Amino acid sequence: MNAITWLLMTYKVPAEPSARRIAIWRKLKGMGAVYLQNGVCVLPRTDDHVRRLKIVENDIAEAGGESVILQTAALDHAQEAKVVARFRAERDEAYAEFIDKCDDFEREVAKEIAAGHYSYAELEENDVDLKKLQGWLEKIAKLDFYGAARAEEAAARLKGCEAALDDYARRVFDAKGENG
């Protein structure tokens, strides 16, 4: 078995002030960490993750807590598969939320078309929303260490949003007499 190597962090921080505990949790989740249980999380072992976990370790110490960072591998393939499945499930949840927002975006553009609202202000507002979707998908994909099932669907949905906005932009330009 060609084992995946993980970084395992266990930590405990005082309950108050809760803002520090939440900040630590957010940093770890922002790195893509998966919690095996309260105060125990794993990440794939990379030099970047080692560096960033050492920073979090310092944050925990400053908050009056304690932590340990270990390098580990699963006992067998079945255990490894369980952990990888957790990573994929968390990314699939993020992709599902992203896909819902793509639905909202496409509905909004369709509503503007149906109402015949072809303005530069609306085009700009939708362009800002599309850029947010693009950045969001980029962030999710960066944390998709093991290829979640909904990644391709999310990418396809973003392409659909881009196409919807391109169509709307063409309609705005036509309405303003700028296509020719």
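Here are legends for a handful of close-up views of this predicted model.

**View 1. The open sheet, strand by strand.**
Start with the four-stranded open sheet, which runs in the order β2-β3-β1-β4 with antiparallel pairing. On its edges sit β2 (34-37) and β4 (66-73), and each of these pairs on one side only. Look from strand to strand and you'll find that neighbours are turned against each other by 30° on average, ignoring direction. As a quick reminder, strands of a sheet pair through backbone hydrogen bonds, either parallel or antiparallel.

**View 2. Zooming in on β1 and β4.**
Strand β1 covers residues 5-12 and pairs with β4 in the antiparallel sense, over 8 bridges. For a handy landmark, pick out W6: the residue standing opposite it in β4 is T72.

**View 3. Two helices that pack on the sheet.**
Helix α1 (residues 18-30) packs on the sheet and touches β1, β2 and β3 (40-44). The direction of α1 makes about 170° with that of β1. Helix α2 (residues 47-62) packs on the sheet too, with β1, β3 and β4 as the strands it touches. For α2, the angle to the direction of β1 is about 5°.

**View 4. Cysteines without a disulfide.**
Don't go hunting for disulfides here: the structure holds 0 of them. Take C102, whose nearest cysteine sulfur belongs to C161 and lies 3.7 Å away. A disulfide needs the two sulfurs within 2.5 Å, so C102 is in none. C102 counts as buried because its relative accessibility is 0%. C41 is another buried cysteine, with a relative accessible area of 2%.

**View 5. The largest nonpolar core.**
This core has 21 residues, and the ones touching the most other members are F98, F105 and L133. Three helices give two or more residues each: α3 (77-115), α4 (120-142) and α5 (151-175). The largest share, 8 residues, comes from α5.

**View 6. Around F98.**
What does F98 touch, once residues up to four places away in sequence are left out? The list is L133, W136, L137, I140, A154 and L158. One of these contacts, L133, also ranks with F98 and F105 as touching the most other members of the largest core.

**View 7. A second core.**
Separate from the largest core is a second one, made of 15 residues. Among its members are M9, Y11, I24 and L28. To place them, recall that β1 spans residues 5-12 and α1 spans residues 18-30.

Note on methods: Residues are numbered from 1 along each chain as its sequence is written. This is a predicted model: local features need pLDDT of at least 70, side-chain atom pairs count only at pLDDT 80 or more; totals for chains, interfaces and linings use all residues. Side-chain values use heavy atoms; hydrogens and water are left out. Two strands pair if DSSP finds at least two bridges between them. Axes are lines fitted to C-alpha atoms, for helices over the stretch in contact, and angles run from 0 to 180 degrees between N-to-C directions. Contact means heavy atoms within 4.5 Å. Buried means under 20% relative accessible area, exposed over 50%, partly exposed in between (1.4 Å probe, protein chains only). A nonpolar core is a set of buried Ala, Val, Leu, Ile, Met, Phe, Trp, Tyr and Cys residues joined through side-chain atoms within 4.5 Å.
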